[in-house]
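Could you walk me through this structure in my viewer, one selection at a time? I work at the bench and would like to know what to click on and what I will find there.

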Amino acid sequence: MSELSWWAHLWSVLPEIVLVVAAVVTMAADAWLPEGRKRELGYWAIGGLAVALGVTAVQAAQLAGGIASPYEAFGGSVRADLAAMLFRLIFLLAGILTVAISMDFRPLRQSGEYYTLLLLSILGMGLMGAAVNLVTLYLALETVGIALYLLAGYLRDTPRSAEAGLKYFLFGVFSSTIMLYGLALLYGFTGEIAYARIAQALGALPSPAVMAALLLVLVGFGFKVSAVPFHFWTPDVYEGAPTPITAFISVASKAAGFAVLIRAMIEAFPTVQGNWVALISALAFVTMTVGNLLAIPQRNLKRLLAYSSIAQAGYILIGVAAASPLGIAASIFYLGIYTLTNIAAFAVAVIMTNVTGSEEIRDLAGLSRRSPGLALAMLAALLSLGGIPPLVGFFAKLFVFAAAIESGLLWLAIAGVLNAMVAFYYYIMVARAMYVDRSPEEGKPVWISRPARFTLWFTVAGVLLLTVLVYPLYQLAQMAAQAF
């Protein structure tokens, strides 16, 4: 194989380079913008994210069209393949939408630090999706973790936000330490840090040693994706963090966790695939069941969406447990759809928090009469999350269940269908508050800022449009799955 040019190395991480520049520019703009114009920092951040998104889209198009071939850069630290590019697109899109709903979120003080931390967390996620060795993986994980701990506790004058940041930090450090011990065992057993070489070396090791390292590593990944029993931080952090950051953690951080989980399991642990498939199948079942059951009694919208997010992780884990190209494609497809639908739901939560100062479900009462469009956007998001046909969320669930059946996990697919039926109850509970319950505030209009309006239009239009374009998008996910 010929040696890569310096441009090929830079091209593989160009979106991350753009994000570094955007972070520096945002901080510089914060220094010279007067206090009354700090809101404009959001546009600077969106500009940087949009450029990075454009670069990543070009990279993805080249790989999907066969113009370029996958390759490893920087001595095997990162891989430029279609899967990495699709995950980057998810992170960047989630970042743009998060910035848009942050710009007019009243409890949030507009500052360069906030947007810079958000940009740096996305930078780390991009590296997580492309990492193919242990060192890059851990550095990327910590880059994301540190930024998100600070963002979760960003509302320093709000006790719930400070508590959320502290809890997220403590749980994150604990799980990160356990995972680091697992990575150290892998290196100690094999003397290698590259996934492919680790896989070769593990073939000569006894299964108990490999399983010990695998279990420790899964703790860290389980924390990132909010899988049960590593989910305890999720409802408190989601409730206490600024609502735009809750939306971002629920989609982008989860997608990053699945990116490293899928690549590490497929590429580093093929010798014990039967064992980790059984483990992840059990995790999927427990995660979606616990998430759905605990969502039912919730009366706070953010806590309900937190448990819904846990359940959604369980559905995605079904695709990972299938351990097949169909399963991996279904998981990637699901993550893309979930990003749009969940941010749409949280965008409505942000708008209603601005209007009512509350995050309780009962405060959505009469929303269909107060703002029919806003209620319709929330309903579309809820129905898609619940997997109700013909919305695209139905196809996302259908694909992961089909992958499970193809891999002989019929019981898991049946469990997924039953859980989806349970989830429908609490999604309808929110819809009932909007369309059936009455409120004395019904005559008061709901003010929606332009960035929030853009987010709603984009996400809801995306959910509706992708319902028609399911096949080409799923084909793209299948092409990405061939990278593993």
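Here is a short tour, from the whole chain to single residues.

**The whole chain.** Keep in mind that this is a predicted model. Start with a cartoon view of everything: the chain has 20 helices and two strands. Its radius of gyration is 21 Å, close to the 23 Å that the globule rule gives for 484 residues, so the chain is as compact as a globular protein of that length. Turn the model along its principal axes and the C-alpha atoms fill a box of roughly 70 × 55 × 45 Å. Among contacts between residues at least 6 apart in sequence, 81% join residues at least 24 apart.

**The surface.** Now switch on the surface. The accessible area comes to about 17900 Å², and carbon and sulfur atoms account for 69% of that. Next, select Trp6, Trp7, Leu10, Ile17, Val21, Val25, Trp32, Trp44 and Phe74, which form a nonpolar patch on the surface with about 910 Å² of accessible area together. Helix H1 (6-12) and helix H2 (14-32) are the elements that give two or more residues to this patch. H2 gives the most, with four residues.

**Phe74.** Stay with the patch and centre on Phe74, in the loop between strand S1 (71-73) and strand S2 (78-80). Is Phe74 buried or exposed? Phe74 counts as partly exposed, because its relative accessibility is 38%, and the partly exposed class lies between 20% and 50%.

**The interior.** Hide the surface and look inside, since 61% of the 484 residues count as buried. The largest nonpolar core has 187 residues, and Met265 and Phe269 touch the most other members. Colour helix H14 (residues 325-356) to see the element that gives the most to this core, with 20 residues. Then show side chains around Phe269: leaving out residues up to four places away in sequence, Phe269 touches Leu186, Leu202, Val210, Leu214, Ala264 and Trp276.

**Ala322.** For the last stop, select Ala322 in helix H13 (residues 301-322). Ala322 counts as buried because its relative accessibility is 6%, and the cut-off for buried is under 20%. Which residues is Ala322 in contact with, leaving aside its neighbours within four places in sequence? They are Gly327, Ala403, Ala404, Ser407 and Leu409. To finish, draw a distance line from Ala322 to Val217: these two are 105 residues apart in sequence and 19 Å apart in space, C-alpha to C-alpha.

Methods:
Residues are numbered from 1 along each chain as its sequence is written. This is a predicted model: local features need pLDDT of at least 70, side-chain atom pairs count only at pLDDT 80 or more; totals for chains, interfaces and linings use all residues. Side-chain values use heavy atoms; hydrogens and water are left out. Patches are made of residues with over 30% relative accessible area and no salt bridge: like charges are joined within 9 Å, nonpolar side chains (Val, Leu, Ile, Met, Phe, Trp, Tyr) within 5 Å. Accessible areas come from the Shrake-Rupley method with a 1.4 Å probe; for residues, only the protein chains shown count as cover. A salt bridge is a side-chain nitrogen of Lys or Arg within 4 Å of a carboxyl oxygen of Asp or Glu. Buried means under 20% relative accessible area, exposed over 50%, partly exposed in between (1.4 Å probe, protein chains only). Contact means heavy atoms within 4.5 Å. The radius of gyration is taken over C-alpha atoms; the globule rule is 2.2 Å times the number of residues to the power 0.38. A nonpolar core is a set of buried Ala, Val, Leu, Ile, Met, Phe, Trp, Tyr and Cys residues joined through side-chain atoms within 4.5 Å.
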